[in-house]
Each structure stands twice: as C-alpha cells, then as structure tokens.
Amino acid sequence: MITCVIENAACPCVSLDRGGWQAVIVNKLEELYESYEHDPDPAKALSCFDLVEGFLSILKILYQNLDGKQAGRTRESAELAALRAMICYIEEHYACRITLTAIAAAGACCKSKCSLLFRKYLHDTPIAYVTRFRLRKSLVPLLDSDRSITDIAYEHGFGGVSYYCETFQKYYGLSPLQYRKTHFRQDCAARHHQLPDI
C-alpha cells in the first residue's frame, strides 16, 4: 500500500530518513510529538504558536530541498494532461478520419512525443488505441440493432467494410456477423432464463 502511495504522482509524498536535510525534519517532528504526547503538564506543552512555527519550519525545509523532485512530478502531470487531451480528442472524433498528427496536436506535442506517451501510459500506439476504441463503440449498434455491417463500419470511422471485418476478426476472433449471431443467441437464452414461471 505504501508503495502505491509513494509512486502515485497524484498523491505527492516524501519518504524521510535520518540523513542530511531530512534529519532536521525528523528531529523537529519528534520534538513536536514528544511535547504533546509525553508531557502530562499542559502548561509545559508547546503553545499553539510554537506548534505552528515548528510546522512552518518543516515546510520551509521541504520547500528548499524538493525543487528538483517536484519538477519531475510536474513533468509527469503535464504528460498525463497531454495524454488526457489526446484521448478526449479520439473519443470525440472517432467516427472521422483521425491521423497521428491530429492526435498529437490535441495534446500540444509532436508525433514522436504522442507515441511515447501512449506507449508509456497505455502500452499501445495511438492508432491501435483509436482502432480498439472504434471497435468497442461499434459493439453497441452491432448487438442492439439490425443495421448493416457496412453502415456500422462507416459510422465508426472505418474506411471500408472489409477493413472493419478484418480488424474485428483480429481482435474478437469472429467476424462481426458471427459475433452478432453468437451474442444474440446468448442474450436470448439469458432473457429466457430470466422470465418468471407462469
């Protein structure tokens, strides 16, 4: 669990040890803790102002020593923001012709950076992501309507029905028509089992 928190850029944290500048923070935290936890006399405990001053001194030390580490997190945040913008572009324009140049422009980066971000975070190329997204979106009308495969292919950004069928077969192991028939039978069987006995 700790590793997940430490490696999560959205949840910034610092792991402290007892060396260098971090030792000062650890000592200050122990001093603040000791003052409140082990001193039974409230009159001897730190005042509210002393407590605030202690925490401000810790923040100052962090600010002075974390500039380099924060720059890495800012870069990662910028990368994720660019990736999010590119994915939004794909989701809004999947039915149209989409090029790598257009995807990269949506993320305000070059084509090589676009490809690098998709590989880094999604383990896929931008064009493969577009194809998979189009295929997933095409499943709804394929299963919930009797529209032709040709219409579905063109409405979901595929340049032709043969390319759609080839790609569908590659990803799902069945042609779109076979997939429709197989899942239609399964849906009918499931609905039949759900009907109450009369």
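Trainee: Which residues make the nonpolar surface patch of about 230 Å²?

Mentor: In this predicted model, the patch is formed by L16, L29 and F55. L16 sits in the loop that joins α1 (2–7) to α2 (21–37).

Trainee: How should I class L16: buried, partly exposed or exposed?

Mentor: Go by relative accessible area: under 20% is buried, over 50% is exposed, and anything in between is partly exposed. L16 has 32% relative accessibility, so it counts as partly exposed.

Trainee: Let's try another loop residue. Where does D124 lie?

Mentor: D124 is in the loop between α6 (111–122) and α7 (126–144). Its relative accessibility is 17%, so D124 counts as buried.

Trainee: And which residues is D124 in contact with, leaving aside its neighbours within four places in sequence?

Mentor: With those neighbours set aside, D124 touches F118, R119, Y129 and R132.

Trainee: Now for a helix. What span should the 12 residues of α9 have?

Mentor: The expected span is 1.5 Å times one less than the number of residues. For α9 (residues 161–172) that gives 16 Å, and the end C-alpha atoms are indeed 16 Å apart, so the two agree.

Trainee: Which residues of α9 are buried?

Mentor: Y164, T167 and F168 are the buried ones. They cover an arc of only 105° around the axis, and therefore lie on the same side of α9. Turn to the face pointing away from that buried side, and you meet the exposed residues S162, E166 and K170.

Trainee: What follows α9?

Mentor: G173 does, and its phi is positive, near 80°.

Conventions:
Residues numbered from 1 in each chain as written. Predicted model: local features only at pLDDT ≥ 70, side-chain atom pairs only at ≥ 80, totals over all residues. Heavy atoms only, no water. Patch = residues over 30% accessible without salt bridge, like charges linked within 9 Å, V, L, I, M, F, W, Y side chains within 5 Å. Areas by Shrake-Rupley, 256 points an atom, 1.4 Å probe, with all protein chains shown as cover. Salt bridge = Lys/Arg side-chain N within 4 Å of Asp/Glu carboxyl O. Helix = DSSP H or I, 4+ residues; strand = E, 2+ residues; numbered from the N terminus. Buried < 20%, exposed > 50% of the residue type's maximum accessible area, 1.4 Å probe, protein only. Arc of directions from axis to C-beta. Contact = heavy atoms within 4.5 Å.
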